[in-house]
Amino acid sequence: MRDVRQEICGSRRWNTPGPHSRASLERRRARLRRALAGAAVYVVLAAIAIVMAGPFAWMLMSSFKPNQELFAYPPVWIPTKITFEHFVNAFRYTNFARYFLNSAVVSVTATLLNLFFCSLAGYSFARLDFPGKSLIFFAVLATMMIPVYVTLIPLFILVRRFPLAGGNNLSGQNGTGLINTYWGLILPYIVSVFGVFLTRQFFTSIPTEINDAARVDGASEFTIYSKIYLPLSRPVLATLAIFSFTGVWDDFLWPLVITNSEHMRTVQLGLQIFRSQFLVDWGPLMAATLVVTLPVLLIFIFNQRHFVKGVVTTGLKG
Amino acid sequence: MSASHSVSSYWKNRARRHTMLMGYLFVAPMALYVLIVHFIPIASSLYLSFTDYNILTAPKWVGVANYVKLLFRDDLFRRAMRNTAQYALEVLPLNIAISLALALLVNRATRGIVIFRTLFYLPVVTSIIAVSMIWLWLYEPRSGLINLILGKLGVGPVNWLGSPALALHSLVLMRVWRGVGWNMVIYLAGLQGIPQYLYEAAEIDGASGLGKFRYITWPMLKPVTYYIIVMGLISTFQTFGEVYAMTGGGPLDSTTTVAFLVYQRAFQYFEMGEASAVAFLLFGVILVLSLVNIRYFQTRLD
């Protein structure tokens with residue numbers, strides 16, 4: 001007669017963890033618990049994702065919804081019919097195409113200037129020795145602590161009284177200076193202190209033997225910088241480019257202060273045009289917001305590691 | 001021997017001088033720019049804060065009159081300071097608690113975790129004006145998404161931005177939504193820097209999950225938290241975009257922040273001297289709070 005235990009445990013010996021032994025049961029229970037915990041994590045993650053992405057989804061759907069569904073009660077969650085009228089209206093009745101051009105010109109120019117001047121200074125701080133180097137470095141870094149509101153007013157005056165620009169005479173009177181010009185818009189973005197810091201940090205990680213070898217071969221410092229360091233630094237330059245472009249594209253305060261002509265607005269200012277005191281044109285506003293946000297969102301989604309690198313470098317090693 | 005030595009030291013000196021020259025040359029454009037766009041404006045702003053200046057006529061020296069007026073006779077300035085402090089005090093703890101929870105949640109190698117990290121970070125890369133426009137629509141009293149959902153639950157309608165008692169809190173809610181992704185990434189980097197053996201040792205000692213958090217994770221993240229608080233103070237005290245775009249400082253000055261006051265005084269009323277004084281007081285507050293924080297955390301860390 002076979003043991004009952006053996007019946008339960010099959011033909012295996014007692015104590016060996018068979019499919020029904022106590023040890024295996026415990027293991028299965030643990031596995032089940034882990035699976036449940038994993039599923040719970042996904043449920044929580046999904047719930048948070050809805051809160052974080054929900055507003056974007058609502059913007060997206062609102063910009064494709066016909067007006068009667070936009071304000072319908074009970075609400076229409078997903079548009080039954082996709083319409084492009086809001087996009088058409090946003091571009092037809094406002095100067096949005098022009099704002100887009102302005103923002104593109106300012107952001108791209110500022111990014112290119114940043115890449116050059118920041119990396120040049122970063123190379124000097126990382127690889128060249130000169131008296132007063134650390135003093136200059138920390139003085140420059142310290143400006144990151146200064147609120148923009150402290151320098152805003154003098155910068156506005158500087159732009160307005162810029163000598164020999166916009167009808168100004170040599171002492172900066174009689175005209176409007178660089179107000180309502182691209183150079184006026186670009187001025188505060190030309191060199192970012194963050195970029196100097198970022199490139200300098202990266203350059204110090206490149207072995208100095210490269211410099212010695214290149215110097216023996218008779219390469220000038222500028223050649224070493226431009227032909228060796230810049231190509232080696234593509235990832236960090238990409239990070240800097242992304243940060244400069246998005247920073248300038250997204251900025252609002254400076255263009256608000258420095259432009260008053262309708263033609264010189266940037267996209268962020270342009271969004272204000274769909275609102276008057278009492279009336280908001282929600283459809284075109286959401287469509288325009290989508291268009292304004294899209295370049296930065298796409299850059300972010302395709303370059304995430306650069307974003308994270310920038311945050312972490314300046315965030316923790318600073 | 002000695003001749004060749006002096007020749008080589010001559011060349012070495014020449015090379016060193018050359019590096020020095022190049023060093024200055026490479027730094028010069030940036031240094032000049034920082035001088036013109038940061039240092040001189042800071043100095044002239046300080047000067048302007050002691051003057052009466054409306055751009056059209058020359059600045060008139062008034063001594064500390066602007067500061068005295070702001071600190072003792074200006075109700076709106078005091079209101080703006082109070083609003084800004086309250087805003088920061090509400091945003092920072094919420095932001096830290098939620099972003100740390102998010103970081104702990106996404107600090108695992110589960111399938112698809114990168115997608116969640118990306119989603120949580122999306123609001124950070126969206127411009128403050130775009131975010132304001134989206135939330136203006138979400139907060140819309142009749143057709144806004146939030147009131148529609150609340151309506152389904154039998155609550156509301158809530159006048160999010162139109163009520164003086166609520167408007168500032170509505171801005172806080174939006175700011176927390178926008179800011180947690182940024183701090184999540186910083187906390188995530190901090191978490192990944194905590195050595196794994198600490199947890200293993202604690203497990204051998206039979207520590208619970210909560211115990212590990214309390215005695216390992218939280219203390220090890222102290223420097224990160226301190227960084228987040230200082231950066232949070234600097235950024236919340238300069239809140240402007242959403243106020244300008246969503247409430248215009250109202251209703252009844254309930255959302256007027258100090259930064260908004262600087263803008264208003266300088267570019268709507270053209271009181272540049274007084275606006276500069278407001279800016280410097282703002283700077284002073286930020287500086288003091290940051291230093292207090294650094295001191296506090298340094299004593300706690302040692």
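Start at the seam between the two chains: select the 61 residues of chain B that are in contact with 65 residues of chain A, contact here being C-beta atoms, placed from the backbone, within 7 Å of each other. What you have open is a predicted model, so local features need pLDDT of at least 70 and side-chain atom pairs count only at pLDDT 80 or more, while totals for chains, interfaces and linings use all residues. Residues are numbered from 1 along each chain as its sequence is written, with chains lettered from A and ligands numbered from 1 in the order in which they are written.

Now colour chain B's side of that seam by helix (helices being DSSP runs of H or I, at least four residues, and strands runs of E, at least two, both numbered from the N terminus). Helices 1 (2–48), 4 (113–125), 5 (128–138), 6 (145–152), 7 (167–192), 12 (258–267) and 13 (272–301) of chain B each put in at least two residues. Which helix of chain B gives the most to the side that touches chain A? Helix 1 of chain B does, with 19 residues. Recolour by class and this side of chain B shows 48 nonpolar, 13 polar and no charged residues. In this scheme Ala, Val, Leu, Ile, Met, Phe, Trp, Tyr, Cys and Pro are nonpolar, Asp, Glu, Lys and Arg are charged, and the others, Gly among them, are polar.

Stay on helix 1 of chain B and click B:Ala31, which sits in it. B:Ala31 counts as buried because 20 other C-beta atoms lie within 10 Å; the cut-offs are 20 or more for buried, 12 or fewer for exposed, and partly exposed in between, with C-beta atoms placed from the backbone. Draw a distance to B:Gly179: the two are 148 residues apart in sequence and 32 Å apart in space, C-alpha to C-alpha.

Zoom out to the domains of chain B, whose bounds come from an automatic or database assignment. Domain 1 covers 2–48 and domain 2 covers 73–301, and their C-alpha centres lie 40 Å apart.

Next, a helix pair: show helices 4 and 7 of chain B, which pack at about 120° with axes 7 Å apart. Helix 4 of chain B is therefore oblique to helix 7 of chain B, given that under 35 degrees is roughly parallel, over 145 roughly antiparallel, 65 to 115 roughly perpendicular, and the rest oblique. Axes are lines fitted to C-alpha atoms, for helices over the stretch in contact, and angles run from 0 to 180 degrees between N-to-C directions. Show sticks for B:Phe120, B:Tyr121, B:Pro123 and B:Val124 on helix 4, then B:Trp177, B:Arg178, B:Gly181, B:Trp182, B:Met184 and B:Val185 on helix 7. That set has eight nonpolar, one polar and one charged residues.

For another pair, pick helix 3 (residues 75–106) and helix 10 (residues 222–236) of chain B, at about 145° with axes 10 Å apart. Among the residues making this contact are B:Tyr87 and B:Asn95 of helix 3 and B:Gly232 and B:Thr236 of helix 10.

Last stop, chain A: it has 16 helices and zero strands, and 36% of its 318 residues count as buried. Select domain 1 (4–70) and domain 2 (93–316) of chain A; their contact takes six residues from each domain. On the domain 1 side, helix 2 (22–64) and helix 3 (67–70) of chain A each supply at least two residues, and helix 2 of chain A has the largest share, four residues.
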